[in-house]
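Q: Could you walk me through one small part of this structure, slowly and closely? I am new to it, so please explain the terms as you go.

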Amino acid sequence: MECDAAGEYMMKYMDGILSDHEAELLNRHIGQCSRCKEDFLIYDGIMADFSKMEIVEAPDGFEELVMAKIRTLPVPEVATDSVLCVIWGAFSVLMGLGFIITMNKEAIMEWLSLHPQFDSLMAYLQPLSVTVANVSASMTASFQSMAAQMSQVFSGFRYVLLVIFGLLAVVQYFVYRKARFRSSDYSDERDKVEA
Ligand SMILES: [Zn+2]
């Protein structure tokens, strides 16, 4: 008998479908082949362990206990916080872009006019830019009057912009920290419940 066949018989033995004749053949091979004997002892050991195992049933009320624990966990408020963060982030990005475009409008328009592939875009933008110019002129005027007042403290409009961006960054940092604090607070609570 070959080792391959012995291995197959061992599988049949594990499944409990080994015939008496096959059992005899396997027994004879194991008596001669130390490698297969070792394999058989391992398989037999596993089988014995399995038969010793009992199916462990969850204690009564286990499911209710778990559900009760889950109900005591605080509901995370991350969802609304992250929505606010996204809105705030989008708002400040748009505001920043608006400032950059307004301050460099001439340069951008000039650059666009130098590149013929943007001709159609320019045709669309130029009448629009006239309208925007009227709006932005009044906006710039109000910003400049604000800047003029603030320039008594800070020298120049650019520094005012820096201050505005700095304030935006600080507010964003606190929103972020609040969200982080909340989530760590939440995990602490969960650890307490688990302990
Ligand atoms: Zn063998």
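A: Happily! Let's start with A6, which, setting aside neighbours within four places in sequence, is in contact with M1, L26, H29, C33 and C36; contact here means that C-beta atoms, placed from the backbone, lie within 7 Å. This is a predicted model, in which local features need pLDDT of at least 70 and side-chain atom pairs count only at pLDDT 80 or more, while totals for chains, interfaces and linings use all residues. Residues are numbered from 1 along each chain as its sequence is written.

A6 also belongs to the largest nonpolar core, together with Y9, M10, L26, I30, C36 and F40. Such a core is a set of buried Ala, Val, Leu, Ile, Met, Phe, Trp, Tyr and Cys residues joined through C-beta atoms within 7 Å, and buried means that 20 or more other C-beta atoms lie within 10 Å of a residue's own. Helices α1, α2 (20-32) and α3 each supply at least two of the core residues (helices are DSSP runs of H or I, at least four residues, numbered from the N terminus). The largest share, 3 residues, comes from α1.

Now look at how α1 (residues 3-15) packs against α3 (residues 34-52): the angle is about 15° and the axes are 11 Å apart. The two helices are therefore roughly parallel, a term for angles under 35 degrees. C3, A6, M10 and M14 in α1 meet R35, C36, D39, F40, Y43 and M47 in α3. Across the whole chain of 195 residues, 5% count as buried.

Methods
Buried ≥ 20, exposed ≤ 12 C-beta atoms within 10 Å, placed from the backbone. Axes fitted to C-alpha atoms, helices over the stretch in contact; angles between N-to-C directions. Parallel < 35°, antiparallel > 145°, perpendicular 65-115°, else oblique. Contact = placed C-beta atoms within 7 Å.
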